[in-house]
Amino acid sequence: MLPRQNPTTTVAWHLLAKHYLSLRQHTLVDLFQQDPNRFDKLSYRIEKMVVDFSKNYLTQETIDCFVKLARTLNLNQSIEALFNGTRINETEDRAVLHTALRDLSNTKILVDGNDIRPDIARVKKQMKQFTHKVHSGTWLGYTKKKIKYIVNIGIGGSDLGPQMVTEALKPFMQKGITSYFVSNVDGYHLSQVLEHVKPAETLFIIASKTFTTQETMTNAYSARSWFLQHAHNEKHIVKHFVAISTNKQEVVKFGIAPDNMFVFWDWVGGRFSLWSAIGLSIALSIGYKNFEELLSGAYVADKHFRFTPFEHNIPFLMAMISLSYTHFCGATAEVVIPYSQLLHRLTPYLQQACMESNGKSVARDGTPVHYPTSGVIWGEPGTNGQHAFFQMLHQGTSLIPADFIAVVKSHNSLQHHQPILLSNFFAQTEALMTGKSEAVVRAELEKQGLAELMIQKLLPHKVFKGNHPSTSFLIEDLTPKNLGVLIALYEHKIFVQGCVLNIFSFDQWGVELGKQLANKILPELLSAKPVRTHDSSTNGLIQTYKKMRK
């Protein structure tokens, strides 16, 4: 059982609040003037990555306050519970052991007294062998052609994680393989993909733990029908469909051979599942060796998180800085801006990971919480974002902390683009912090020879207050291992936030209500009878839909 304590009632919390009240009397520029060595003191290295916290409201005194709060809330105990198989997902009575999937030690990992390592090793072996068969041509389609197209059909954690990783690691793509991801039950998504693949050369991965998820199974059966329109015989399904599931009965009913079902366990949550058999699409896309490298990078982050003192613990500091902006500085959102087109799906992945985990309003004991939990996570790749929402970051009225992520070495042949890209990365974090004063703006306008009346008119519109905090992640190159480190750092940040806020991060009951109502409404849409079972708005919209459909 995880500790239960309202953080806002602790002395350590009030000390931290008082500290931030004092700290915010200074600007970020002031903090650098007071200590020119902030970067050396407040940046940390892990693997081939530097994480720079120095452009945040942060001092050694701040970190001391963070640590006091962590000790008050027994955070070390919670971290050990995460790694040792304690059933910390208490509302679903489950352990949370996605970390076990990438654990490279030989230590036993027990769930209910049973070592789960043999089960993990068995599935990894199955994934490795299957990946080798597909890539080598041992596994062939029904016309004896090699598989060229991988289509992963899932939703949520069965889609966002694998898709994000596969996109990020495109330079490592297996020769002759093209991967697609289908998640939206909007038929356009699947039909668009089917236009680009050939039935005899396509492998469909149906990723659904229960094999009953409405969106996924609707897409899966539509893909099955499309395939049979060309293959004409259900016996060919076994060569073109595999399942990632625990529901053997439904998998076999679909036409998938039991040997082609890859299992994962109830101690693997969907949004933390890319390390499991859900990552089969990753392995098939970039090769199993690179998939193992991804796991090894996450293991580096796991060891760092578990064994590094809080004072130097990167995910801990990420979490506490974020919480402090939310609770003591009025921030309601965070922006994540990867300066890499390969990472264009990272922010949507983090949206689910953060907001589905910590978007809660009930404490661990079931009582309402009266403080913010998860902020809104959003963003787009740089430099696109600079020509979209950066105006608000620079001159808007909201405090929006930013994570900037950049990769030093590019995998593409247009190497002269990289310095241009990185110059923007460095410039934006500096500009957000320093801004542009009225005096500087006035001097620029005077230099242009503008009349005083025009200067006074333009002056307030061209001033940048600055003082906007950011964290910078500078990665040497985007390899599977370095990507594994980055993802796992964010996973552990989310966990720390849940622990400090006294909420459960590994359930998602908020997802269920809409599903239940959709299941009720679907037969009403298919019926010709008038609908009067909902509020007047919903009834009216359904009736309008039926008229428009005709």
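I take two strands as paired if DSSP finds at least two bridges between them. The model I am working from is predicted.

**Entry: the sheet**

I looked up the strand order first. The sheet is open, has 5 strands and runs E6-E5-E7-E8-E9. Its pairing is parallel. I then checked the edges. They are E6 (178-182) and E9 (261-262), each paired on one side only.

Next I went to E5, residues 149-153. I find it joined to E6 by 5 bridges, in the parallel sense. Which residue of E6 stands opposite Val151? I find Tyr180 there.

**Entry: helices on the sheet**

I followed H8, residues 187-194. This helix packs on the sheet and touches E5, E6 and E7 (202-207). I note an angle of about 165 degrees between the directions of H8 and E6.

Then I took H9, residues 214-231. H9 lies across E5, E6, E7 and E8 (241-244). Against E7, the helix runs at about 155 degrees.

**Entry: nonpolar cores**

I turned to the largest nonpolar core, which has 124 residues. Which residues have the most contacts inside it? They are Trp267 and Phe316. I also asked which helix gives the most to this core. It is H19 (480-501), with 13 residues.

I listed the contacts of Trp267, leaving out residues up to four places away in sequence. Among them are Ala95, Val96, Leu97, His98 and Leu101. Val111, Ile116 and Ile120 are on the list too.

Another core, of 25 residues, lies apart from the largest one. I find Tyr149, Val151, Trp226 and Val251 among its members. Val151 is thus in my notes twice: it also stands opposite Tyr180 of E6.

Technical notes: Residues numbered from 1 in each chain as written. Predicted model: local features only at pLDDT ≥ 70, side-chain atom pairs only at ≥ 80, totals over all residues. Heavy atoms only, no water. Helix = DSSP H or I, 4+ residues; strand = E, 2+ residues; numbered from the N terminus. Contact = heavy atoms within 4.5 Å. Axes fitted to C-alpha atoms, helices over the stretch in contact; angles between N-to-C directions. Core = buried A, V, L, I, M, F, W, Y, C linked by side-chain atoms within 4.5 Å. Buried < 20%, exposed > 50% of the residue type's maximum accessible area, 1.4 Å probe, protein only.
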